[in-house]
Amino acid sequence: MSDPRGLDAPLRRALAVAVLAAVMPLLLQLPGTVAAGIALVGAVAGWSALRRPLPGALRLLLVVAISGAVLVGFGFRLGRDAGSALLLAMLVLKLSELRDVADARRLAAYALFAPFAAFLQDQGPLTLALGLLAAAGTLLAMGRLARAPRPPPPAAIELGGLARGLLLALPLALVGFWLFPRLPTPLWGLPENAVARSGISGSMSPGDWIDLLADDTPAFRVRFEGPRPPSDQLYWRGPVLTRFDGRRWTEAEGLEGLPPAELPAGPVVARYTITLEPTERRYVFALDLPSGAPPPLALGFDATLRSRDPLRSLAQFSLEAVATAGYEPDLPPMLRALHLALPEGFNPRTRERAVAWRSEAGDDRRYIRRILEWFNAEHAYSISAPPLGRHTADEFLFDTREGFCEHFSSAFVILMRAAGIPARVVTGYTGGVENRVGGFWVVRQMDAHAWTEVWLDGEGWIRVDPTAAVAPERIFDTLEDTLGAGGGLGAAMRPVFDFGDSLREAWNSFVVAYDAARQAELLRGLGWAGAGALEVGQAFIIAAGIALALTLLVLLRPARRERDPLVRAWRAFLRRLARRGWRKRTDESAHAFALRLDAAGASTDARTAAALARRYAALRYAASAGDGADGERAALARALRGYRLRPDQRAPRAAPVG
Amino acid sequence: MASDDAAVPPAGGRDRLDDGLARLPFVRGRAPEPLPVTLDRRRIYVLPTGHGLLVGTVLLAMLLGALNYNNNPGLLLAFLLAAVVHNGALVAHLRLSGLTVSALQADPVHEGGVLQLRLRVDSGARGREGVIVRGSTGVEVFLPPEAEAPGGGGEVRLAMPAPRRGWQAVGRLRISTTRPLGLVRAWSWIHPAEPLLVYPALEASPPPLPGADSADAARPRAKRSGDDTHHLRDYRSGDAPRQIAWKASARVDRLLVREYEAGSAGDVALAWASLRHLPYEARIARLARWVVDAEREGRRYRLVLPTGTLGPARGPEHRHACLRALALMPESGA
């Protein structure tokens, strides 16, 4: 590229690498098909950036194609994730129109934003590390842009300079991170994702949790203060499903205005802090039964906790659980009717069985016991249950006779309602695994569970888990038990996994959850009484001043050691001569200095020095520095270092030169 | 000192902003000042470039978003980048601070030629990588490598057209850098007081030198056939193209000029008064031409001007004195 305004090959390579690094963290957060599409377009655009520009029509076609693909991939819903994907697509496409320096500058500025978009999806350490790498790549490209049209320096010097710049920025950056006043409440909400994350969703039909039950990503982590309840009491209550349309269980809609459930003032059985992974939903899972709703949360009529806004980033709450021995002994008629409703035309056999057995049993409790015994005797737990047709409960109870928690809880509630007992499905999680390294509990998506609540006259809502009647080990068995039985590699790796997850938990509580409240706490810990936004601001200014002083201290140090050993040796040589009184003037060339040395003294010292100076001038400033000059340079450097004035000639300052 | 090839193209749209800034009342380097000048913090200015403004907008958006969502990785990234940019501004400032411009020279050229400014720059304690000097005409040149190293020094060469004879002001020079990231530009203006001399233009095809004896005023063309009557010397600025020995030049790959044996010719009187029939500037151009020709032919010459008489003498000093006197002739007819 002869055009000095054009972009030469090293610059184009740096830009391609910067875009690759910038795209990476966000690409890993996107659904596979969309990510693959963007990667493909990126490869084409990258090739174009390095080789030759694509024709305008093809670029336009690519823009339309990739935008369409992203929209289709997200089902034509524009959410945060779809927006991020479009941003990535445009970023990689920008690579294909690198015409001049201005294009390159715009590309570098956009590339800086990509890691931030990734952080809106995930705040894990891996994403942060990739994001920092991306920023470094972009800074490298900017450095090359600033040097243009000069070629980039050797890689070691370039990367060293980049690392030095980042290290030097660290004091100021950390002060900003810790002490820049945070917003106590957001000014605007985070846009929603178009594609929901997997997890408990507020609706359920038998058999649709198969994927969820194989997903081992954490749903939340819990740290108990004091004793924890026994394993078979670890029911983490989530959405309560009351409406049944014959096929699907859903939450009752339009009942948000109902007064919250009356919770019993029973003894507190557990105090804990729960850290929920982002779900994009408002449910807050709480140990059954929560004692109440602390301020940012609200309690529904179905005794479920909800947050005001969807959980779009890690959220932490301190909660209490109370013992449950039936609650809400008085059920208003409207709610009673809601919990007895069954759609007509579904599951005739089940309803028949319910009516018959209820009248035979004579009392609700005996009827429930008989149903559970029937489940236990004639039904089996199986995660690979066959799909069901129109009458889900009929087919499950009388034909296939195998299923998992969804089948059991759904059929059980239908049996209860058909027999005139108010009942509902409760979804959530059970159990969890203790992390022995970190001392906390991890509950994963695979711990998802559905159980039921029935309302008995005079007692109120009581938890009944029909799946536990069949296969208690499938519910409460923790990973520990399964691994303990199998032994081998899994058990041996357990401490490693525990350690990894405890690092993640520490990351979550120290980095991700750091906010305005923690900031105030930090200052109080340092003895800064009554820390409000103003005090935090003052602390920030003071600390930033100190960080700036530190940075300046480093920047103002005299220039670095000369890298070229020959020049280093030459300067040391000049210093030795200067002690003798033979000073080279700054505006004097090495050659002129040699002439002056010759003229100055008849001593052998001066003549040797002059010869060395001449060799130096020839080697360093000669127009034709040949290939074989390296050995010569080393030899001269040795000679310069080895040059010593003879002691007898040092004493008199007789022949000052200069 | 191979800095001529390091010329970078002028900045373009920024120039007007630059001029506006330079006229602000508090700006240093507005009035001419004697060299040497050492750049210090009082005369170094730092502002974001266009690229810097764009990146700043992106960073601001990031910072606001991260604060609003309390997104800690995002906040860390935004602060880290902001700190890098901020330190970049410090580095750019320090890259100029302590730089000394100690001398300015240019060999005189004739009107219409191009002055080659030689600016002596000493780097002082710090490295000066990527520092650019811009002349008042907009041409930009990197410091030579010797001047970029700490403790080094070198000459920056700037080309500058010389449109008028006489003293020419150097104008405002801008010393700037956008390193390390191209996001901020640190710059300083210096306005050297040293004027540069521009010789008068030479008349293209003048009549022969006036002489005491017109036979003596030998025409070069008449002697062209005899090879031994002249020797070759290197081209000097101001030599007429027709005197260039093209064939010989092609052989040795540099310009050679025929020079004629001198000695026999007599003194010449170049008198202002003898050219009354010519317009004012044309008289100057003719006299300048004659000075050059007489010097080339090795004759002693005397320049008689209304302001005084120079010579008779010959040699480079005399030639310079005559051309200087002609260059400094007052404007038309005064």
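This is a conversation about a predicted model with chains A and B.

Me: How many residues does each chain bring to the contact?
Reply: Chain A contributes 50 residues, and chain B contributes 41 residues.

Me: Which elements of chain A touch chain B with two or more residues?
Reply: They are helices H5 (101–121), H6 (125–147), H7 (155–179), H16 (488–512) and H18 (533–555) of chain A. The largest share of that side, 11 residues, comes from H6(A).

Me: And how many residues of that side are nonpolar, polar or charged?
Reply: On the side of chain A that touches chain B, 34 residues are nonpolar, 9 are polar and 7 are charged.

Me: Turning to helix H19 of chain A, how many residues does it have?
Reply: Helix H19(A), residues 565–580, has 16 residues. From its first C-alpha to its last it reaches 23 Å, close to the 22 Å expected at 1.5 Å a residue.

Me: Which residues in H19(A) are buried?
Reply: The buried residues are A:Leu566, A:Ala569, A:Trp570, A:Phe573, A:Leu577 and A:Arg580.

Me: Why are they on the same side of H19(A)?
Reply: They lie on the same side of H19(A) because they cover an arc of only 100° around the axis. As a general matter, an α-helix has 3.6 residues a turn, so residues three or four places apart point the same way.

Me: What about the other side of H19(A)?
Reply: There, A:Arg575, A:Ala578 and A:Arg579 are exposed.

Me: What comes just after H19(A)?
Reply: A:Gly581 follows, with a positive phi of about 110°.

Me: Now chain B. What is the order of the strands in its open sheet of 3 strands?
Reply: The order is E5-E13-E10 in chain B, and the pairing is mixed. Strands E5 (109–110) and E10 (166–168) of chain B are the edge strands, each pairing on one side only.

Me: How many bridges are there between E10(B) and E13(B)?
Reply: E10(B) and E13(B), residues 196–199, pair over 3 bridges in the antiparallel sense. In this pair, B:Trp167 stands opposite B:Leu197 of E13(B).

Me: Which helix packs on the sheet?
Reply: Helix H7 of chain B, residues 316–327, packs on the sheet and touches E10 and E13 of chain B. The direction of H7(B) makes about 90° with that of E13(B).

Me: One last topic: what joins E17(B) to E18(B)?
Reply: A hairpin joins E17(B) to E18(B) through 2 residues. The two strands, residues 301–305 and 308–313 of chain B, run antiparallel and are joined by 4 bridges. B:Leu305 stands opposite B:Gly308 in E18(B).

Note on methods
Residues numbered from 1 in each chain as written. Chains lettered and ligands numbered in written order. Predicted model: local features only at pLDDT ≥ 70, side-chain atom pairs only at ≥ 80, totals over all residues. Contact = placed C-beta atoms within 7 Å. Nonpolar A, V, L, I, M, F, W, Y, C, P; charged D, E, K, R; others polar. Pairing = 2+ DSSP bridges. Expected span 1.5 Å × (residues − 1). Buried ≥ 20, exposed ≤ 12 C-beta atoms within 10 Å, placed from the backbone. Arc of directions from axis to C-beta. Axes fitted to C-alpha atoms, helices over the stretch in contact; angles between N-to-C directions.
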